[in-house]
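Hi,

Here is the structure I promised to pass on. Have a look at it first, and then read my notes below.

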Amino acid sequence: MSNPTNTLDRQELLVRAIKDETAQIRSFELVLESGEPLPPFEAGAHLALHLGNGLTRQYSLFDAPGTGCSYRVAVLKDRGSRGGSRFVHDALKVGDRISVTGPSNNFPLADDATSSVLIGGGIGVTPILSMALELHRQGAEFEMHYCARSATDAAFVDWLRSEAPFRDRVQLHFDGGDPAKGLNVHALLADVIEGRHLYCCGPGGLMDAVEAASSHWPAKAVHFERFKASVVATAENQPFSVYLSRSDLELEVPADKSVLKVLRENGFDINTLCEEGVCGSCLTDVLEGEPEHRDQILTADEKSLNDVMAVCCSRAISSRLVLDL
Ligand code: FES
């Protein structure tokens, strides 16, 4: 993978402050109870919050990367919440302790970019803010586009307009709910400029539009952060076998079970956060065979190498895979 960093140690953090950024978006400041500095993070990184209701959810850090004594995440109260954002909004209070994994980064800035286009939609602006702060610190060439329904629905707008050190590089696009009135992604991304990289995080519709409009860009120059798996067409599940080389164990994966489920049934302790192919925590080395990649974390180039797979969702094209377990 392209330079991901994953720190999967859990730690207990204290909720020091909560702020309403909009009617539906709340930011949370998390600190160590001791007040000591927290592990540093990179632009684009996120935390996984282990919620008291048994769910785990990932939220991007929106501050300037580096070392500090707090992490800040912003959470949209999602109308379709399966209990994650609803719990964070309704149950988390100042002074509570929460178990956190990370920071992890599946959305790093490329270190060889000559310029960058940042596109954030809705709450997806959070990693984009951290990236903009870092690119500004580096003195790098970039532009940022922030898409939302309206200024009142969008967090950080006043700060972006009047205080952000990179505010002259920001364009706000409010479409009133009609994407046709928003950012023209085809015009923005029509020209491929050597060395330019594109980063996008936002609702599925925006990311799909940006993906289509940048399909002629080099794959390595285009970066997306998805926290929910989008629906991808997949072949019908077929059974296959996995041989675990370090354990010298052959296992059958039936059509109605994932590799992850079979591994867990056989006593293997596999790290997972999302279990839908978007976090990278379950990536496992493949020594032989051809996986059928169903994740949304590996790039097309990384998938073509067939040397790693997300065991939570990916399956096999070959009748047998050899995994480094
Ligand atoms: S658990 Fe997240 S990609 Fe597999």
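Let me start with a question: which residue in β19 does threonine 284 stand opposite? The partner is methionine 309. Please keep in mind throughout that this is a predicted model.

That pair of residues belongs to a bigger picture. Strand β17, residues 283–288, runs antiparallel to β19, and three bridges hold the pairing. Both strands are part of an open sheet of five, ordered β16-β15-β21-β17-β19, with mixed pairing. At the edges you'll find β16 (249–253) and β19 (308–310), each of which pairs on one side only. Going from one strand to the next, the twist averages 40 degrees.

Next, some backbone oddities. Most residues other than glycine have a negative phi, and most peptide bonds are trans. Against that background, three spots caught my eye:

- Aspartate 248 is not a glycine, yet its phi is positive, about 50 degrees. You'll find aspartate 248 in the loop between β15 (240–244) and β16. Its relative accessibility is 58%, so aspartate 248 counts as exposed.
- Glutamate 275 isn't a glycine either, and has a positive phi of about 55 degrees. Glutamate 275 is in the loop between α6 (259–265) and β17. With 42% relative accessibility, glutamate 275 counts as partly exposed.
- Glycine 102 and proline 103 are joined by a cis peptide bond, with omega near 5 degrees. Proline 103 is located in strand β9, residues 97–105.

On to the aromatics. A search of the whole structure turns up five aromatic pairs. One of them is phenylalanine 41 with tyrosine 71: the ring centres are 6.0 Å apart and the planes are at 80 degrees, so this pair is edge-to-face. The two residues come from distant parts of the chain, 30 residues apart, with phenylalanine 41 in strand β4 (38–41) and tyrosine 71 in strand β8 (71–76). Both phenylalanine 41 and tyrosine 71 are buried.

Phenylalanine 62 and phenylalanine 156 also pair, with ring centres 4.8 Å apart and planes at 45 degrees, so here the pair is tilted. This pair, too, links distant parts of the chain, with the two positions 94 residues apart. Phenylalanine 62 is in the loop between β6 (56–60) and β7 (66–68), while phenylalanine 156 is in the loop between β11 (142–148) and α3 (157–162). Phenylalanine 62 and phenylalanine 156 are buried.

There is also a cluster, in which ring pairs link Phe142, Trp159 and Phe166. Phenylalanine 142 has a charge over its ring as well: the charged end of arginine 169 sits there, 4.9 Å from the ring centre. A similar arrangement involves arginine 226, whose charged end sits over the ring of phenylalanine 224, 6.0 Å from its centre.

Finally, the cysteines. How many disulfides does the structure hold? Zero. For cysteine 147, the nearest cysteine sulfur is that of cysteine 200, 7.8 Å away. A disulfide needs the two sulfur atoms within 2.5 Å, so cysteine 147 is in no disulfide. Cysteine 147 is buried, with a relative accessible area of 12%, whereas cysteine 69 is partly exposed at 38%.

Best wishes

Methods: Residues are numbered from 1 along each chain as its sequence is written. This is a predicted model: local features need pLDDT of at least 70, side-chain atom pairs count only at pLDDT 80 or more; totals for chains, interfaces and linings use all residues. Side-chain values use heavy atoms; hydrogens and water are left out. Buried means under 20% relative accessible area, exposed over 50%, partly exposed in between (1.4 Å probe, protein chains only). Rings of Phe, Tyr and Trp (its six-membered ring) pair if their centres lie within 6.5 Å; planes under 30 degrees apart count as stacked, over 60 as edge-to-face and the rest as tilted. Helices (H or I, at least four residues) and strands (E, at least two) are DSSP runs, numbered from the N terminus. A charge sits over a ring if NZ of Lys or CZ of Arg is within 6 Å of the ring centre and within 35 degrees of the ring normal. Two strands pair if DSSP finds at least two bridges between them. Axes are lines fitted to C-alpha atoms, for helices over the stretch in contact, and angles run from 0 to 180 degrees between N-to-C directions.
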